[in-house]
Amino acid sequence: MSRVLLVSLLSVLTIFRLISASPDLSELYALRDQTRDAVVLLTDDVLTQYVMGRNRPYAVAIYFSAEQVSEGNPSLRLDDLRKEYGLAAKAFAKGSDSDKIFFFEAALETSQRPFAMMQVNSLPCVIRIPPGLHVSSSTVELGRNDKMVPDTVGTHNYPWPAETFVEFMGVRHGIKAAEIDRPSIYKSPIFPMLLLSGLVSLAYLAYKVYTLSLVQHPALWAVLSLVVFWFSVSGGMYNIIRGVPFFIRDRKGNLQFFLTGRQGQLGAEGFTLGTLYLLVSCSIAFITFLAPRISNRILRDTLSLIGTAVAAGSIYQTFMLWTMKTGYRHVLHV
Amino acid sequence: MWNWFDDRTWYPLGRVIGGTVYPGLIFTAGSIYRILHFFHIPIHVQEVCVLTAPLFSAFCALACYGLVSQARSHGAGLLAAFFVAIVPSYISRSVAGSFDNEGVAIFALVNVFYWFVKTVNSGSLADAVVLVASYGYMVMSWGGYSFIINLLPLYCLACIFFGRLNGRLYVAFAPLVALGTAISCSIPVVGFNAVLMSEHFGAFFAFIVLHVALLVSYVRRMLSTKHFVILASMVLTVAIALGALVASVVVAYVAKSPTLGWTGRSMTLLDPTYASRFVPIIASVSEHQPPQWSSYIMDLHMLVMLAPAGILACLHRLTDASLFLVLYGLTAVYFSGVMIRLMLVLAPAVCCLSAVALSDLVYVLCGSMRCWKPRFAFSTATTSDKASGEGGGEGASKASPAPGAASSPGAPSTKDVVAPSTPDEPTSVKKKTRSKVSAKAAASEASKLYALPFLVCATLLAMVLVILGLYVVHCIHASADMYSSPSIVLQSPRRDGGYYVFDDFREAYAWLRHNTHPDAKVASWWDYGYQTTAMANRTVIVDNNTWNTSHIATVGRAMSSSEAKAWAIYRSLDVEYVFVVFGGLVGYPSDDINKFLWMVRIGGGVYPEIKEPDYLTPEGDYRVDARGTKTMLNSLMYKLSYYDFAEESQLSTGQRGVDRVRGYPIGKLNVKLNYFEEVFTSQHWMMRIYRVRDRPLRDPTSRTGKKGKAANRRG
């Protein structure tokens with residue numbers, strides 16, 4: 001009888017211990033130290049051992065990821081977000097409150113349980129489970145303040161930088177994090193040397209190119225000048241500053257290159273006009289400087305005729321397009 | 001003049017006129033007036049002001065003639081003067097009655113360039129003195145002087161790069177930097193900006209580089225090659241060490257300021273998206289918008305098609321002066337792409353370049369026609385510079401016309417084909433030998449020019465005449481249509497051929513002048529500040545001299561706030577009258593409702609409580625109809641604009657509450673004012689003047705307020 005009692009007492013104790021005892025933190029530390037960026041992969045074991053339970057002495061942050069989503073939607077920039085999440089995790093792991101919050105990543109490929117438990121069906125999603133929240137195997141209701149989704153955090157600074165994660169996960173709950181250490185080439189000790197050697201080699205290269213005397217050839221500069229001119233008179237700056245598209249589609253789905261009316265322009269129409277200007281100029285320059293130097297008479301005559309035709313045609317076309325755009329006509333005011 | 005303090009603007013701050021305006025224009029008009037009166041020519045000062053701009057546009061034509069004469073030939077110069085005399089872009093600032101800085105500044109700009117090129121060509125110290133004086137005048141006249149102080153160093157560096165460094169360049173450039181900077185420092189509005197702002201650092205840098213380059217060439221001449229190499233390596237080591245030190249100091253200084261030491265307008269030029277992100281007060285001005293392609297052809301007409309040919313022509317026969325023209329054209333065309341206002345700077349440049357292109361073309365055509373005889377060609381002694389020799393011999397290798405012997409030149413743009421000179425060519429026309437062409441090059445690389453076919457010449461000449469004619473027609477049209485009417489009186493054509501005149505602005509300003517106390521303060525958006533000061537003769541809060549952003553932001557904040565809050569702001573500024581410009585009844589699009597977002601942005605830039613999204617629909621549209629946000633429909637601007645509008649629009653157009661600019665019914669028809677009272681509305685409702693009540697109407701505090709709230713809730 002006493003034996004039975006003892007056994008049942010022991011088993012009750014064991015069960016009680018299993019239920020009430022806090023998870024073994026030292027193992028979790030070890031797990032965290034093994035990872036690259038202090039984010040522990042959330043397998044089923046890890047989930048039951050460190051996340052589920054009536055309460056925990058630490059908060060839990062879970063980043064949800066799915067390979068197929070991040071590959072299928074590069075515009076979501078989930079990889080960038082994951083990097084920032086890792087930076088935030090590292091900052092907490094190094095900080096003075098490293099035992100108050102742990103970072104996990106729930107990958108759909110590893111385990112689908114966390115997704116079901118937290119009812120996550122869209123990405124990006126990062127959640128925070130407060131220490132006192134009871135996590136059972138059924139679904140868990142999280143407050144709005146514990147879910148980082150575009151609705152709660154906003155998209156103006158998406159992908160959210162590590163600072164946002166630190167603020168959301170820790171600072172507003174009184175957990176301190178260390179300074180976020182972004183890997184950067186500027187911090188590397190060899191950076192000044194790299195910079196210096198880069199500058200010196202650049203200067204040497206520039207000197208070499210300069211002595212080639214090719215760069216002093218006017219032809220090169222003529223082409224460059226024409227490009228600058230073409231870009232500017234086409235309203236290229238307008239396109240950049242206003243972010244206008246090159247062309248649009250009208251209601252029927254046809255490509256539309258020209259906006260009629262004085263307001264607005266499309267990229268294509270400006271560059272068309274710029275090209276026409278250059279055609280006029282180049283043919284005139286050809287007739288002025290090159291054609292008279294061709295000694296073959298037939299060739300000279302043909303080419304100069306072609307040049308004239310191109311110049312006249314381009315001028316005519318320019319004025320036609322101008323009229324089409326603004327309705328402008330040359331009116332005699334006499 | 002320098003310490004003239006104007007207490008009638010920018011109340012309660014006032015404005016130090018000497019420190020906030022470029023005094024060139026005022027000095028010019030004043031001196032003309034004084035001189036005329038000294039000779040007992042009794043002319044009113046207003047007439048002097050009206051005629052200053054046309055007079056200086058005439059001077060500008062002369063300066064352009066001089067510039068192109070120096071760079072190319074007198075013929076091209078005449079053509080340039082002709083172009084610049086009527087180019088529409090410049091006419092906008094040079095019509096009689098336009099009393100604006102640009103009126104004299106464009107002349108001053110071209111004048112500086114003329115004297116600079118003249119000094120570079122002549123190397124005379126007297127010219128350099130005139131150059132410095134004209135630069136001083138330019139600095140006095142316009143903030144655009146920073147264009148010069150960056151273009152000239154650029155030219156200087158380009159000269160060194162192309163190996164065109166000589167003493168004449170030094171005579172032209174060095175005194176300009178040294179004395180010119182001293183002169184700019186002594187003009188209060190520029191002051192120490194001339195040495196502290198990064199815009200001017202380029203000039204100092206070029207100044208140093210010029211000295212170093214001259215020193216190096218001097219030392220190289222004095223020493224043997226071996227000694228020179230040793231010396232060079234020694235000096236280089238020291239220089240790199242010193243240079244790194246100086247560079248780090250400069251970088252540290254520059255990095256300290258948020259804009260890296262550049263003024264806002266210059267930042268806009270370097271980074272075109274800068275203003276739209278950070279400086280709403282610059283971005284809000286319509287002149288600071290980037291131009292579309294149609295602006296170019298409207299403002300420059302066919303010059304924009306000819307200018308690239310001018311660039312090619314200048315590069316084809318590269319001289320010091322033509323290199324300058326190319327650089328001027330390129331920098332100006334880039335900057336004009338960022339800001340439509342700088343089209344003014346571009347206009348003289350394209351005039352000069354087009355003149356060079358056209359004059360070269362006409363010269364070739366006329367030369368061909370003059371000696372046109374079948375089967376004969378004309379050759380000249382004109383040479384190409386050393387540069388053009390690069391492509392020599394690639395094209396025509398035989399002088400006699402043989403079928404198939406000549407390969408066609410590649411790109412028509414730049415490859416220069418030089419035929420070897422043969423003595424058996426019969427008719428040779430001696431082209432005018434340019435002074436810059438060295439005799440040596442002329443002897444060695446004389447190229448031959450053959451006559452073009454008569455048909456081509458005749459067609460092209462006719463074409464040139466036609467486009468010149470079209471240019472004149474267009475310029476007259478532009479000046480008659482766009483720039484001949486005063487901007488304060490609007491007109492719209494009537495069906496019977498007459499004009500319907502909208503004289504609301506003057507009507508309202510006259511009302512203010514006659515019906516308000518002379519000491520009354522009038523608030524409006526800053527666009528109307530100068531007009532209010534001049535035409536209504538009342539003290540204004542802000543005006544077009546936007547020297548103090550936070551004061552403008554205060555007015556923007558008041559306009560964007562609710563009525564009660566705006567009332568408190570205006571009371572704190574002692575404002576008695578507020579007016580808004582409203583176009584909704586007659587369809588005048590540049591009214592305050594359309595400018596309102598800028599007020600919000602400028603106000604929000606200083607007072608974070610004003611947030612732009614509050615005034616936009618959730619989709620990000622700016623609307624004042626039923627979909628407009630509550631903040632928008634409660635803002636003072638909305639209320640002042642649409643007060644009693646529903647009834648009036650019902651009467652005049654038959655459509656209740658339909659705004660004719662926006663083209664939809666407004667959001668809130670029943671606008672009540674408790675803190676302001678309407679005192680005057682002009683004939684077409686384009687200007688509405690309100691008085692700021694001494695104390696708000698009594699009822700909003702008690703019953704009406706609650707009722708109003710309840711009604712809002714129900715709505």
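**Surroundings of Thr52(B), a nonpolar patch and the make-up of chain A**

In the predicted model, Thr52(B) touches Leu25(B), Thr28(B), Ala29(B), Phe99(B) and Val104(B), when residues up to four places away in sequence are not counted. Thr52(B) itself belongs to helix α3 of chain B, which spans residues 45-71, and its side chain reaches the backbone oxygen of Val48(B) at 2.6 Å. With a relative accessible area of 2%, Thr52(B) is classed as buried, because that value falls under the 20% cut-off used for this class.

On the surface of chain B, a nonpolar patch of about 650 Å² is made by Tyr218(B), Met222(B), Leu223(B), Ile230(B), Leu231(B), Met234(B) and Val235(B). Two or more residues of this patch come from each of α11 (201-222) and α12 (225-256) of chain B, and α12(B) makes the greatest contribution, with 4 residues. Leu231(B), one of the residues of the patch, lies in helix α12 of chain B and has a relative accessible area of 33%, so that Leu231(B) is partly exposed.

For chain A, the overall make-up was computed. Chain A contains 13 helices and 7 strands, and 42% of its 334 residues are buried. Of the contacts in chain A with a separation of 6 or more, 64% are accounted for by residues 24 or more positions apart. The accessible surface of chain A amounts to about 18400 Å², and carbon and sulfur atoms hold 62% of this area.

Technical notes
Residues are numbered from 1 along each chain as its sequence is written. Chains are lettered from A and ligands numbered from 1 in the order in which they are written. This is a predicted model: local features need pLDDT of at least 70, side-chain atom pairs count only at pLDDT 80 or more; totals for chains, interfaces and linings use all residues. Side-chain values use heavy atoms; hydrogens and water are left out. Buried means under 20% relative accessible area, exposed over 50%, partly exposed in between (1.4 Å probe, protein chains only). A polar contact is a pair of N or O atoms within 3.5 Å; within protein, one must be able to donate a hydrogen and the other to accept it, and residues adjacent in sequence count only if both atoms are side-chain atoms. Contact means heavy atoms within 4.5 Å. Patches are made of residues with over 30% relative accessible area and no salt bridge: like charges are joined within 9 Å, nonpolar side chains (Val, Leu, Ile, Met, Phe, Trp, Tyr) within 5 Å. Accessible areas come from the Shrake-Rupley method with a 1.4 Å probe; for residues, only the protein chains shown count as cover. A salt bridge is a side-chain nitrogen of Lys or Arg within 4 Å of a carboxyl oxygen of Asp or Glu.
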